[in-house]
Amino acid sequence: FMAHAAADDGAARYRAAIPRLPRGLFSLHARYGRLPWPQVVAPAENLARFGHAVSQAFARDLAADGGVLTNDRTALTAYMTPRRQILQAGDVFKQIDLATMLGRLRARGPGEPYAGYFGNELQDSIAAAGSAITAAEIRAAVPRWADAAIVDAGKFRLNALPADVGAGDFAAAYAQADRPSTPGRKVLSGSTGFVVADGRGIVVACGLSMGRAFGLGIMPRGTGFLLAPAPAPGSQTVGAARLAPIIALRYPSGELLFAVAAAGAGAVTDAATVTRELIDAAGTLTATTGSDNFAVGQTSLVNLLVCGA
């Protein structure tokens, strides 16, 4: 469910990507989830409605990249206190429009933002913000299932994003990852990832990217979410090269060894480095979760889950 560009005529002020996250997550839930959909969405809705304290990390992102919010008054207002000051660490951040949108998703499923009256309303609000995405394009923005790219790692098989999503060549990066990593400039802005597993052995490694921390800085009215920039001409998807989810299975048993989700400018290289170190340490691994136990170039955020020997 990578975000794709709209087929506008180039006259729009901003080239925005078509949002596909709600349908993407719903598709994962429909195939693998066990909890009721409303129960899955409700915590995020409550967090947006009742607010949470702004973290120091979020405040740093806002200070470093929040200038893009001046592109749109609705977006800028959403990230200000009632006294019209930009949010600082410790301030309570409430997102009422986002909570309303999540409430619709919770009650009516992910079709709500893409179809009917609301789809037309979303098209109009995106146009008013200076971009061009049609209601037809929003309705057609469906996720797709694809086989993972498989990398042979001896006793293990590494499952990575397929090459046709434009995510970079993980196999080539893994082949070169035995070289010591060199610390680089830390670039985490705009991308994140998570890894989860349950008692049935279902595992998810997922990467998400807005391209930059606050995307285009444009928030269609009434939605509470920001638009991501469209991919550059000639590219297929937004932020794909910044994402590197990996699931490593023992061969031929199919047992999980570990899952990695790297996100950021150096995601593919850092995921390959961490994966190589995990494979090399396979005989001594113990169950863990974390992001700071292995040497990486520090240009991306790396979350990992290890099942142990």
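This is a chat about ring pairs, charges over rings and two helices in a predicted model.

Visitor: How many aromatic pairs are there in the structure?

Guide: The structure holds eight aromatic pairs. One of them is Phe-26 with Trp-37.

Visitor: How are the planes of Phe-26 and Trp-37 set?

Guide: The planes are at 80° and the ring centres are 4.8 Å apart, so the pair is edge-to-face. Over 60 degrees counts as edge-to-face.

Visitor: Where in the chain are those two?

Guide: Phe-26 is in helix α1, residues 21–32, and Trp-37 is in helix α2, residues 37–50. The two are 11 residues apart, and the pair links distant parts of the chain.

Visitor: And Trp-37, buried or exposed?

Guide: Trp-37 counts as buried, at 14% relative accessibility. Phe-26 is partly exposed, with a relative accessible area of 28%.

Visitor: What about Tyr-32 and Trp-145?

Guide: Their ring centres are 6.3 Å apart and their planes are at 75°, so that pair is edge-to-face. Tyr-32 lies in helix α1, while Trp-145 is in the loop between α7 (135–139) and β5 (149–153). The pair therefore ties together parts that are 113 residues apart in sequence. Tyr-32 is partly exposed at 38% relative accessible area, and Trp-145 is partly exposed at 45%.

Visitor: Which residues do ring pairs link into a cluster?

Guide: Phe-58, Tyr-79, Phe-93 and Phe-214.

Visitor: Changing topic. Which charged end sits over the ring of Tyr-174?

Guide: That of Arg-276, 4.1 Å from the ring centre. Arg-157 lies over the face of Tyr-251, at 3.7 Å from the ring centre.

Visitor: Back to α1. How many residues does it have, and how far does it reach?

Guide: Helix α1 has 12 residues and reaches 17 Å from its first C-alpha to its last. That is close to the 16 Å expected at 1.5 Å a residue.

Visitor: Which residues of α1 are buried?

Guide: Arg-23, Gly-24, Ser-27 and His-29 are buried in α1. The buried residues of this helix pack against α2 and α7.

Visitor: Same for α3, which residues are buried?

Guide: In helix α3, residues 56–65, they are Ala-59, Leu-62 and Asp-65.

Visitor: Why do they line one face of the helix?

Guide: Seen down the axis of α3, the buried residues fall within an arc of 160°, so they line one face. An α-helix has 3.6 residues a turn, so residues three or four places apart point the same way.

Visitor: What does the face turned away carry?

Guide: On α3, that face carries the exposed residues Gln-56, Arg-60, Ala-63 and Ala-64.

Technical notes:
Residues numbered from 1 in each chain as written. Predicted model: local features only at pLDDT ≥ 70, side-chain atom pairs only at ≥ 80, totals over all residues. Heavy atoms only, no water. Phe/Tyr/Trp six-rings, centres within 6.5 Å; stacked < 30°, edge-to-face > 60°. Helix = DSSP H or I, 4+ residues; strand = E, 2+ residues; numbered from the N terminus. Buried < 20%, exposed > 50% of the residue type's maximum accessible area, 1.4 Å probe, protein only. Lys NZ or Arg CZ within 6 Å of the ring centre and 35° of its normal. Expected span 1.5 Å × (residues − 1). Contact = heavy atoms within 4.5 Å. Arc of directions from axis to C-beta.
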